[in-house]
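Me: Hey, can you walk me through a protein model I've just opened? I'm new to this, so plain words please.

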Amino acid sequence: MSTLGFLPNDILVRIFKNLPDEDILTCIMVCKTWEGAGYIAINDKTISIFSEDNLKELLRLKTDFTDYVTGVELNLNWQMNTAFLLEALQVKLRNLERLTMKEECEEKVYVWLMYQYLKKPLLWQLKYISPPISSKYIEFYNACVLNYTNCLTSLEVVDRKYDGDSEVIYEQEFNRLAKQVGQFKKLEEIIIVKQGTGLSIVAFDDLIKPTLKKLTVKLFNTSFVQQITTAVNTSSSTPLPLLKTIHLSLIPTDDNSFLYIMQRFPKPSNFLLDLNSQKYLFATSLDTYCANYTAPVVARFLEYCFKIPKHHLIKLYIRNLIDVLEHLPSYMFITLQLEYSERNIRESFAEANVTLNFDKNDTTEIQKNSYFQLKLNILSHVLHSKIIESYGKHVKRLCIDGIPILGDIVGGRYLNEILGHCVQLKTLWLTNHKIRQFESTMTKNNSIIQLVLKNMEIFKEIYTELSTRLPNLRLLNILNCHYIKLNGNRTNTRQVLIDMPYSSLELLRIVYQNLTSEIELPTQTVLLKVSTLVGEQYFCLPVNNGQKGEITCLPLNMNAYQSILTDGRCINYIVQVRSLQKFTFMYHGFSTDQHCTITLQ
């Protein structure tokens, strides 16, 4: 029988790369084979040190091995031997480039390293040193990093706010270090963290050097944010084409903000603008600033983001959504998600917020099957019809998430609009709402070939109606859907009936997800009653929670099926199919990912 000792080296390396650091250090000690695989797995790796035991394990390793370690994260408590162990370790880590102190790391560790080594850049040619959390040591940190002006490639300029005293200290040290940025000859990344009032955009714009490849700016105060857009002359801003990675956590408060970003950073490949991180820092409405935007500039900024190979724009609030959409090119509507949310008390002005999310290099199955590049979170229910009517003709992938308004759901009016206006639609997702009936004049749609129903509550006649309205449907995915009675109440939540009278259907995938906080049973029984043109067939699928792979499908007779069904603890599916010879069942849980192909007679 094969054991881990006989695994090929490349397989061992793959396994080790997925282990925590302390486990890799332990595996290195086992044998020569594991030691060699560990060298490769740890190559160019940052090691996290949580205890003195971790330090001792590193000290026991060969120097050849520790040469592979280029980064260390310290999360230590100061103990009796900590200074001795750190002093011994510094000889081992000859190629250390990044030194990071986590927030939980005791300050004594940080201070000792500062005084012993960081003030003397003879041992390490560090490329990055993390700043201290406490304002007590920010002055010494700034003095230390100035000793590494010839080797640091990443620099943090930090102004954090904790209390009145620390605010003053951070402000002074922020300004002092900002004036010295030009001395760092090899700087490729700068991280600017600013809390409190003080600098305008012009001041920290001077920190953004032409040699930079990555920029991170985090601004966390509304009064400061309102200042940063007042003194920008976008026509005089020099473009920085080398700057490819940009992460911004700030609030653009007017058109000038968008114009500055587009002018200063013309060709990024990785762009993040996270407005959501600001929401807990506002005493009043989150979306007040959207009144300062004009539709042409916002549309131009959205198109700018859209063209970046990897972009993530999170919750940009818009007051006049339709005006903005009118200025967008048609290709931006090819993949569209409309999500409905109740208006928050701190969302007083906006009609919607926009999220853009795309990674050109992400070719995973999730990205291909469930990605919608343009997401509109609607806060005004009257916008749904306007959006579908005006832009539905461009949409090829559409997701409707949440509840527009109850009347439209009951009457199926919004579905009629989709089927009528989305003439190029190929994939339709319906998620997290109820459908009780269609309008009597429901339109057919010949373009839709894939339908995904997720977390839906559907009256039993709807499946049959959909088969009439979608005559060319080939792919159907049903995830955690339930039947409801005409009064809107659910049937037994453990019993999901699926009528499938589609003659064009080629693939049916039924998915049950148990991702709630309820404790999973060791085993879960899934029953299937399948009605075909030739009769009924019965199947039992015993799911073993905690395992992955294929589920064994056990055929049953009717008596055995009824006997298990009366137990009441099973998940029961009743499926009606016409043209299918087989379909797929999938079960997902916290620790389970299993599947089974049901072959029909």
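Reply: Sure, we can go through a few strands and then some salt bridges. Keep in mind that this is a predicted model.

Me: OK, strand 6 to start with. How many of its residues are buried?
Reply: For strand 6, residues 189–194, the count is 6 of the 6, so the strand is largely enclosed by the rest of the structure.

Me: And which way do the side chains in strand 6 point?
Reply: Glu 189, Ile 191 and Val 193 point one way, while Ile 190, Ile 192 and Lys 194 point the other way. Residues on both sides are buried.

Me: Why do they switch sides like that?
Reply: In a regular strand, side chains alternate between the two faces of the sheet.

Me: Which strands pair with strand 6?
Reply: Strand 5, residues 154–159, pairs with strand 6 in the parallel sense over 6 bridges. Strand 7, residues 214–219, also pairs with strand 6 in the parallel sense, over 6 bridges.

Me: Can I get a residue to click on for each pairing?
Reply: For strand 5, try Val 158, whose bridge partner in strand 6 is Val 193. For strand 7, look at Thr 216, which stands opposite Ile 191.

Me: New topic: how many salt bridges are there?
Reply: The count comes to 9 salt bridges. One of them joins Arg 176 and Glu 139, with their closest N and O atoms 3.9 Å apart.

Me: Where do those two sit?
Reply: Arg 176 is in helix 9, residues 164–178, and Glu 139 is in helix 8, residues 138–145. The two parts are 37 residues apart in sequence, so the pair ties them together.

Me: Is Arg 176 buried, exposed or partly exposed? What's the number?
Reply: Arg 176 has a relative accessible area of 44%, so it is partly exposed.

Me: Got another salt bridge for me?
Reply: Yes, Lys 375 and Glu 339 meet through their side chains at 2.8 Å, N to O. This pair links distant parts of the chain, with Lys 375 in strand 13 (residues 374–378) and Glu 339 in strand 11 (residues 335–340), 36 residues apart.

Me: Which of the two counts as buried, and why?
Reply: Glu 339 has 18% relative accessibility, so it counts as buried, because the cut-off is under 20%. Lys 375 is at 25%, so it counts as partly exposed.

Me: What about Arg 474, who's its partner?
Reply: Arg 474 forms a salt bridge with Glu 506, and their closest N and O atoms are 3.8 Å apart. Arg 474 is in the loop between helix 19 and strand 19, and Glu 506 is in the loop between strand 21 and strand 22, 32 residues apart.

Me: How exposed are they?
Reply: Arg 474 has 35% relative accessibility, so it counts as partly exposed. Glu 506 is at 54%, so it counts as exposed.

Me: Which residues are joined into one network by salt bridges?
Reply: Glu 139, Glu 173 and Arg 176 are, through salt bridges that share partners.

Me: You mentioned strand 22. How many of its residues are buried?
Reply: 6 of its 8 residues are, and strand 22 is mostly covered.

Me: And what does strand 22 pair with?
Reply: Strand 19 runs parallel to strand 22, joined by 5 bridges; there, Ile 478 has Ile 510 as its bridge partner. Strand 28, residues 582–589, pairs with strand 22 in the parallel sense over 6 bridges, and Asn 514 has Gly 589 as its bridge partner.

Key. Residues are numbered from 1 along each chain as its sequence is written. This is a predicted model: local features need pLDDT of at least 70, side-chain atom pairs count only at pLDDT 80 or more; totals for chains, interfaces and linings use all residues. Side-chain values use heavy atoms; hydrogens and water are left out. Buried means under 20% relative accessible area, exposed over 50%, partly exposed in between (1.4 Å probe, protein chains only). Helices (H or I, at least four residues) and strands (E, at least two) are DSSP runs, numbered from the N terminus. Two strands pair if DSSP finds at least two bridges between them. A salt bridge is a side-chain nitrogen of Lys or Arg within 4 Å of a carboxyl oxygen of Asp or Glu.
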